[in-house]
Amino acid sequence: MAEWYEAHQHDVLVIGAGGAGLRAAIAAAAAGVSVALVCKSLLGKAHTVMAEGGIAAALGNVDPRDSWEVHFADTMRGGQRLSDYRMVEIFAREAPARVYELERWGAVFDRTEGGKILQRPFGAHTHPRLCHVGDRTGLELIRTLQDKAVYSGIEVFMEITLTRLLKDEERIAGAFGYRREDGRFVVFRAKAVILATGGWGKVYKVTSNSWECTGDGCAMAYEAGAELMDMEMVQFHPTGMVWPPGVRGILVTEAVRGEGGILRNALGERFMERYDPKKMELSSRDVVARSIYKEVQAGRGTPHGGVFLDITHWGPEYIKKKIPSMYEQYLTLANIDITKSPMEVAPTVHYVMGGVRVEPGTGATTVPGLFAAGEVAAGLHGANRLGGNSLADLLVFGKRAGEHAAAQVRTLAAAPRVDERHVGEERALIQHLFDGGGHENPFAIHEELQEVMGTYAGIARTGAGLTEGLERVRALQERARGLRAVGSMLFNPGWHACHDVRFMLTLCEAIFRSGSERQESRGAHWRLDFPDQTPRWGAMNVVVYRDNGEMKVTSRPVPQMSPELARLVQ
Amino acid sequence: MPEATFHVFRGDATGGNLVSYTVPLTEGMVVLDAIHYIQAHLDSTLACRWNCKAAKCGSCSAEVNGRPRLMCKARVDEFKNAPITVRPMKAFPVIKDLVTDVSWNYRVNKQVPPFTPRPDDPGPWTMYSEDVERIFEFRKCIECFLCQDVCHVLREHGGFDRYMGPRFMVRIAALEMHPKDTLSRTDLLKERGGIGFCNITKCCEEVCPEHIHITDNAIIPLKERMADDYFDPWRSILRIFGRKKEPRGT
């Protein structure tokens, strides 16, 4: 064995330790296979901690009329025909069991008067459905899974950056990367790999996403030959903080609206009456985000370019109990006491519906041995995700991916072999950043990329803008060949940023190509030049894949529901 | 544009020193913004941990002007033009710059026996708000380890082998006070947990970004619980015979 890297051998390698990765690792370990869990940060810091509102599951604790069928129908309508109904059905049926399981593992949710798990209303959910604890549900979820995982015999590797998936001919064989702490190279050999690497909201400047959300897993999957789907579908959450500049984009939970918060423009008008008089503030996220955008465009925005979100009518005690971290966030970061003054909010990039194309029940990607679950996987949320469906997604499909990966590795006669040439190539590539003679600053390219994305792939898009954006991304890709890292391999943020930028550029190319392809407006993808939905595009998912080093665009038919299921959605 | 000077620790396990950087100020800026500015414009090798920049993940712990803080929550305007010094957490070994080796906490975490409900009680459970409300406070912990950093048993006396520190007292309190948990962790508290080493100076409470009343609501009740189990004759017999948890009117 080569001496210059550290090697580990497991049955299943899980990449990413947010909700989906932890749940997948727990499931695989429970199935009796050896599991490595690799994360880019410390354990328990993943972006899942930022989820605030709750976990959507049709427990029917607050409204007994709720059922998996209603959750199914809400989710399908939210996805505006692009969701894979098979995933949605599994999801709606299994979410309640995943929530109760979490409770058995020690999660503690807010309670109803009768002592059951309390559920709150949320945008486009017919009934109060979000199991929650205040506005820190994601923390509760991740801590519970983390505590469960550390007693499950899973080997956890923290602060490791992976830069390449390794293959044995066609089948996945592991991954290559390095320890951030000291730059030591690491090879993980595995019979199956589960990607649970989350989204790539960091390609935008105004985003609720944390540092890690650079899409490494999705980009590595693409480079390994996986198909990516619905990449044009980027969710703008209607309410992010606006002021001061340093906090722009930080999330203001939808729970504020779920519990009765009112949106007003600078003239004091409750403008949602114009856009969705029935659901008002609790319309789906794409609709509310566009409405705010239109108000601001029409000159009815606040001085800092947002609108007002008012909950002062709740009274201080209720606010501090139900959304304590929002109270703290505005008080500390913006000097605003939200029990007395309205919040200023504007849309912020929040979630990517698109990602790696997977088989509905198993999470298997188009690369043998490679699975994906959570935000990195596509198919469940279609053109628009409903609030609360992400946490349920992590649990339902994390578990399934873990189980199916474990089952698959048991059928393998021999462990796949890592091709040492690929390991050597990748090492050369990432070391080249130090000594390749480049001069480009990764932070500068990242910032320029964020400008390009905000300008040409924002809420409102046009064909010309998408074309221009693609050109600019291509130019940045060209410049990124000359990326340069300085200093040592010891915990070096500039060096790490070089890999992030490389991955993000790939995904942005996919966003522009897919966005140009979809010549209609649907869900999060709003084209000013094609303002309406078309039946043709409603039957297609846009797919990109790599062919001879080039990104190719194609489409796949959306699976069609049985008449029984279709009736539920009507 | 107004500017401020930041003195940031640069170095590694072998030592280091403060380096000064001039950073332009923007309205509402936090210390973490300044660190990011330095990384992007002045020195891309400056190491710090951060994730959410919204005080929810507990990654960007450091000592700002000597006080353990989350850098994402430390407003620059709070310091009124005074120089700002940023150092890594002192209680933990430096890896590089503002990044410290906190792996000890993860090893200690594994020594705490997990949540253990009755095996024949699969749920869904009925638990009333009044039964669970007090553990919500403990479960707010974002594991920033600032309480560990400031705890004098760890910070001044290096008692890592004697005391698990405030963070794990909070975790144990959450488990012990969970209405469905059946395990007693008083043996752990007395022995490896080292709860007796805490002399209730409340420094940990002062630095907690989640405002958890660590000593009043977690450590003191746990001390009482342990004293009960060890020094109340009836309870100590129960403990010898392996009776786990006595329902108590708390």
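The exercises below, each with a worked solution, concern a predicted model.

**Exercise 1. Overall form of chain A**

Determine whether the radius of gyration of chain A agrees with that of a compact globule, and describe the extent of the chain.

Solution. Begin with the reference value: for 570 residues, a compact globule would have a radius of gyration near 25 Å, and since chain A has 23 Å, the two agree. Next, take the extent along the principal axes, where the C-alpha trace spans about 65 × 50 × 50 Å. Then turn to burial, for which the threshold is 20 or more other C-beta atoms within 10 Å of a residue's own; buried residues make up 61% of the 570 residues in chain A. Finally, consider the contacts between residues at least 6 apart in sequence, of which 74% join residues at least 24 apart. The secondary structure of this chain comprises 17 helices and 20 strands.

**Exercise 2. Helix α12(A)**

Compare the span of helix α12 of chain A with the expected one, and find which elements its buried residues pack against.

Solution. The helix covers residues 420-435, 16 residues in total, and from its first C-alpha to its last it reaches 22 Å, close to the 22 Å expected at 1.5 Å a residue. The second step is to identify its buried residues, which are Val423(A), Glu426(A), Ile430(A) and Leu433(A). These buried residues pack against three strands of chain A, namely β7 (160-168), β8 (171-179) and β9 (185-195), and against the helix α15 (493-517). Just after α12(A) comes Gly437(A), which takes a positive phi of about 80°.

**Exercise 3. Helix α5(A)**

Explain why helix α5 of chain A can be described as largely enclosed.

Solution. The helix spans residues 216-223, and seven of its eight residues are buried, so the rest of the structure largely encloses it. Listed by name, the buried residues are Asp216(A), Gly217(A), Cys218(A), Ala219(A), Met220(A), Ala221(A) and Tyr222(A). After α5(A) follows Gly225(A), with a positive phi near 105°.

**Exercise 4. A three-stranded sheet**

Work out the strand order of the open sheet that contains β3, β4 and β5 of chain A, and state which strands lie at its edges.

Solution. The order in this open sheet of three strands is β3-β5-β4, with antiparallel pairing. The edge strands are therefore β3 (55-56) and β4 (119-120) of chain A, as each pairs on one side only. For the pairing of β4(A) with β5 (residues 130-131), two bridges join the antiparallel strands, and Arg120(A) stands opposite Leu130(A) in β5(A).

Methods: Residues numbered from 1 in each chain as written. Chains lettered and ligands numbered in written order. Predicted model: local features only at pLDDT ≥ 70, side-chain atom pairs only at ≥ 80, totals over all residues. Helix = DSSP H or I, 4+ residues; strand = E, 2+ residues; numbered from the N terminus. Expected span 1.5 Å × (residues − 1). Buried ≥ 20, exposed ≤ 12 C-beta atoms within 10 Å, placed from the backbone. Contact = placed C-beta atoms within 7 Å. Rg over C-alpha atoms; globule rule 2.2 N^0.38 Å.
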